[in-house]
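Please open the model in your viewer and keep the selection panel at hand, since each stop of this tour begins with a residue range to pick out.

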Amino acid sequence: MRTEEADPGEDTCDRAARLAHVLDEVAEVLPSQPPIRLFVHHNTLHAYEHLHFDEAVVLAAERFGAEAYETEEAFSRHLDSGRIRPEDVDAALVADGVSDDPRFQGGPSERRLKSTRMQHLFEIPRGPALSWILNETDALHRCHPMVGEEQRRRLCAQARGIEAGAGPASAADAERLVLAALWRALRHHTPTRGATLMGLRPRDVALERVGVDTDEWVNPLLTRVCAAFVDQGIAYWRMPFREAGLYEAFRRLYGQGWGPPHPWLTQLAVELNRQASRGWGPTEVVLSLLDEMGCTEAQWSPLLEATLLSLPGWGGMMRQLELRPDRAPVQAPPATLIDFLAVRLTLDTVAARHALGARHPEAPLMMPAPAREPVTSTEITYEAFVCAQLLGLGPLDFEAPDAAREWLRVVAEFDSLERRKLLHRAYERRHRIVVLDGLLNHARLGHATPLLPRIQAVFCIDEREESLRRHLEELMPAAETFGYVGFYGVAMAYQGAEDIKPSPLCPVSIIPQHLVREVAVEVEQAEASGLRSRAFGGLRHWMRIGSMTALRGGMIAALVGLVSVVPLVLRCLFPRAAERFGRHAHRTIVGHPHTRLLVERADGDERREGGLLPGFTVSEMTDIVADALETMGARDQLAPLFLVVGHGSSSLNNPHEAAHDCGACGGGRGGPNARAFALMANHPEVRVALKARHGLDIPKNTWFVGAYHNTCDDAIICYDTDLVPESHRADLATAQATLDRARRLDAHERCRRFEDAPTTMNVDQMLASAEAHAVDLGQPRPEYGHATNAVCVVGRRSSTRGLFLDRRAFLVSYDPTQDPEGELLGPLLQSVGPVGAGINLEYYFSFVDNHRYGCGTKLPHNITGLIGVMDGHASDLRTGLPWQMVEIHEPVRLLTVVEAEFDVAVGILDAYPAVAQLVTNGWIQLVVWSPSTGEMRVFEGGGLVPYQQESRGLPIVLRSVDHYAGKRGHLECARVEAALQTGAAP
């Protein structure tokens with residue numbers, strides 16, 4: 001407790017530096033989600049990647065009050081459906097080192113006990129519910145419903161050993177007698193639970209002393225303040241003093257004499273003015289309030305962490321805007337985490353004082369954190385009681401000294417968390433076997449004879465492109481496809497013809513240094529279109545702003561209210577037709593000028609536009625093209641036509657639209673990157689430099705065409721087709737026609753997962769359904785995004801071509817025969833490893849605990865300030881994924897299969913710590929597949945362990961549709977013969 005005269009002390013600078021260091025460490029636990037317009041998938045528990053996965057999820061579950069694994073109810077369904085088999089359970093126990101030696105004389109082993117318990121996930125009632133069951137039902141006198149007949153007979157056989165004489169008169173009496181004795185034997189040795197400790201925050205003090213949760217007062221106010229501060233132009237009135245920072249704006253607004261009306265805020269102006277009178281900035285405020293709480297420097301970290309986690313979404317957004325202001329949709333406010341913390345601690349302190357009846361800054365807010373009294377755990381006894389029944393153990397089996405106590409200890413240690421950890425491993429094991437056996441069986445059956453491809457196409461590694469690539473190869477066996485990270489090495493800030501500011505189109509770990517702008521080719525047409533576009537946009541802006549005012553809002557509602565009903569009704573009832581009409585009308589009125597990208601900058605030109613270099617030099621473009629072609633293994637035998645396909649997603653009334661875009665493009669759409677790469681690869685000077693510097697000779701008759709795939713409505717467009725030479729027009733027309741057929745099949749395959757799309761619909765009907773999903777105002781599931789991701793294959797296309805992978809695999813092109821030392825593989829894994837793991841793990845955590853790690857259902861979501869979503873009109877910013885995006889997901893860690901020699905893979909783990917951390921700490925599952933021997937090894941226990949194939953059967957179909965038609969759930973692998981006909985690429 002500090003005195004009235006005290007201030008942070010003479011060593012303010014040193015203490016401020018130490019506080020900043022602690023705050024940087026604590027900030028790691030906050031969500032790192034950027035503004036929702038640039039939603040990028042990342043590992044929800046990124047702050048724990050230095051720990052092993054199992055340790056990390058447990059610690060995070062304790063810290064955030066979340067689930068580490070799926071619930072036992074979910075695992076019970078997996079056991080019932082055969083998704084987890086008994087052999088998977090036993091294998092998980094063996095891998096965990098569980099002994100098979102008898103635990104008791106003549107009794108079951110620890111492995112048998114745990115295996116039985118994992119396969120019998122009975123409910124354990126809690127608190128009053130258990131008391132009612134024990135006192136009001138026959139639970140202590142009748143065997144549990146899960147107990148088998150053999151175990152029941154074994155139990156009843158002990159009745160004669162308990163009751164002297166002739167024994168019980170009936171089987172029911174015997175059962176009653178044995179179970180009563182078993183309960184008494186175990187009850188006598190019931191363990192106790194440990195104590196719990198209080199928290200450190202002022203809110204915890206108020207809650208403990210007077211039963212008032214001050215967060216219920218503080219959070220709504222702080223939410224409104226933060227929303228106003230970060231607003232990107234939605235609000236009619238901007239927050240005053242915002243340019244001074246959050247704390248200063250808050251102090252000036254709420255330090256006014258008239259004060260806010262809520263009783264607990266009556267002293268807020270006094271506190272804020274006291275801080276101002278002493279000349280404190282946000283850092284000094286935080287230090288002062290920490291001193292006031294009696295908080296030592298050793299307690300700073302837990303207290304600040306608990307404080308920030310009371311509203312993690314808003315705290316995380318302040319941190320992101322502080323670190324990456326360039327990612328703000330319009331203009332980033334001067335956000336800092338220390339400002340947010342100063343406001344939060346000030347409000348917490350004022351609220352706690354009011355709740356405790358204190359009116360003076362000297363009032364102590366902290367108190368010792370006493371341990372609560374331990375309580376008896378009848379729940380453990382009940383669980384041990386049922387477990388004994390399941391194994392046919394009765395009271396006579398626990399007559400030995402300490403036998404009952406040991407039994408209770410083992411049951412208590414094998415708690416729900418430990419059971420779910422092993423069940424999760426069993427769940428992943430079955431998935432791993434299905435995939436690896438499919439790959440091995442496909443390889444055993446052989447591949448098509450490689451011929452010179454007629455058309456080549458590179459797609460993003462995104463698992464949603466797996467099906468499009470497969471259908472393209474089925475329709476055109478002479479086509480060859482590759483997979484590469486979707487920004488294609490073009491790290492740029494991109495400004496489209498209609499964009500108000502550049503946006504980064506590259507991984508979030510890269511800050512772009514180059515600006516690429518889209519400009520109109522025909523200036524007069526562009527100027528006319530621009531005038532109409534600005535006029536149309538100005539009218540819409542005037543109407544939107546006017547609708548927020550009393551006078552204009554009433555006039556607008558009266559004038560256009562009835563007129564707007566017609567398009568609204570049409571859009572609701574006929575979304576696909578209404579969208580097409582609206583698009584046509586917009587093009588007719590506003591126009592659509594022909595454009596080009598400005599990708600080239602002269603050598604030596606260092607001028608900058610907004611701090612960015614305009615375009616790339618020939619040397620820079622050469623390196624980009626060379627790196628991509630060499631890494632994907634496409635440097636030799638280039639086809640006459642080479643398509644470079646970016647991807648993104650467009651949907652209506654979907655706040656998480658960017659989450660369906662390209663993660664490698666920083667949550668943007670990869671069409672501009674593909675278009676820019678194609679222009680670079682076609683550049684005559686780049687081709688000369690490629691041959692001179694990299695020995696990469698692109699034939700004169702090879703032409704690159706950029707394209708864009710919308711994964712929501714499955715539209716595919718090609719860029720700059722007017723530049724395609726006449727000699728390549730026929731190939732381009734063939735490619736476009738084939739892609740059109742492939743996209744229809746792609747829509748047919750993916751829409752089978754939507755319950756509102758009957759599986760009996762034909763290809764055209766499914767495409768229409770996909771297009772309607774994308775533009776339907778009331779559609780909460782425009783697409784499922786990465787909800788099926790589970791596998792990543794890094795290797796030659798020949799290993800997976802013609803293999804149905806159910807849109808579940810990231811496909812990364814890499815040819816180990818051209819990279820014997822792994823010089824290309826290391827950087828490739830360092831790039832795709834974190835990207836794939838980030839996507840996979842965000843889906844894992846958002847599925848496992850959608851309330852804590854995800855953002856719940858979409859239904860109550862409202863967008864605030866173009867920054868994020870809240871539940872209703874005021875809540876914390878919801879981070880993670882909504883349930884409608886993850887509901888069909890299987891939460892397994894990414895199974896990463898790398899085609900490489902074993903010594904090369906081990907060398908890469910030694911040379912690339914970021915990759916090694918993901919592998920050794922179990923955030924991904926690594927499998928190395930030798931291209932020379934065909935053997936697979938799984939990374940387990942710190943090394944590569946030979947994989948033992950379980951099945952040699954693989955379904956064989958002519959086309960993919962023959963395998964998936966009429967089915968909704970996840971499907972096993974299958975061999976697709978149409979993609980393996982003569983003419984297929986290697």
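Select α30 (825-848), the element that gives the most to the lining of the second largest pocket, with eight residues, and bear in mind throughout that this is a predicted model. Add α16 (312-323) and α33 (913-920) to the selection, as each of these helices also supplies at least two residues of that lining. The space enclosed in this second largest pocket is about 1000 Å³, and, of the 34 residues that line the pocket, those closest to its centre are Ser-32, His-41, His-42, Val-508 and Ser-509. If you colour the lining by class, you will find 17 nonpolar, twelve polar and five charged residues.

Next, move to strand β17 (residues 925-929), where five of the five residues are buried. In a regular strand the side chains alternate between the two faces of the sheet. Here Gln-925, Val-927 and Trp-929 point one way from β17, while Leu-926 and Val-928 point the other way.

Which strands should be shown beside it? Display β16 (residues 895-899), which runs parallel to β17 and is joined to it by five bridges, and then β18 (residues 936-940), which pairs with β17 in the antiparallel sense over three bridges. Centre the view on Trp-929, since this residue has a partner in each neighbouring strand: Glu-899 stands opposite Trp-929, and Met-936 in β18 stands opposite Trp-929 as well.

Finally, follow the hairpin of β17 and β18 through the six residues between the strands, and stop at Gly-934, which takes a positive phi near 80 degrees.

Notes. Residues are numbered from 1 along each chain as its sequence is written. This is a predicted model: local features need pLDDT of at least 70, side-chain atom pairs count only at pLDDT 80 or more; totals for chains, interfaces and linings use all residues. Side-chain values use heavy atoms; hydrogens and water are left out. Buried means under 20% relative accessible area, exposed over 50%, partly exposed in between (1.4 Å probe, protein chains only). Helices (H or I, at least four residues) and strands (E, at least two) are DSSP runs, numbered from the N terminus. Two strands pair if DSSP finds at least two bridges between them. On a 1 Å grid over the protein atoms alone, a cavity is a set of points where a 1.4 Å probe fits but cannot get out, and a pocket is an open set with protein on both sides within 12 Å along at least five of seven lines; lining residues have an atom within 4 Å of a point. Grid points are joined across faces, edges and corners, and a volume is the space filled by probe spheres set on the points. Ala, Val, Leu, Ile, Met, Phe, Trp, Tyr, Cys and Pro count as nonpolar, Asp, Glu, Lys and Arg as charged, and the others, Gly among them, as polar.
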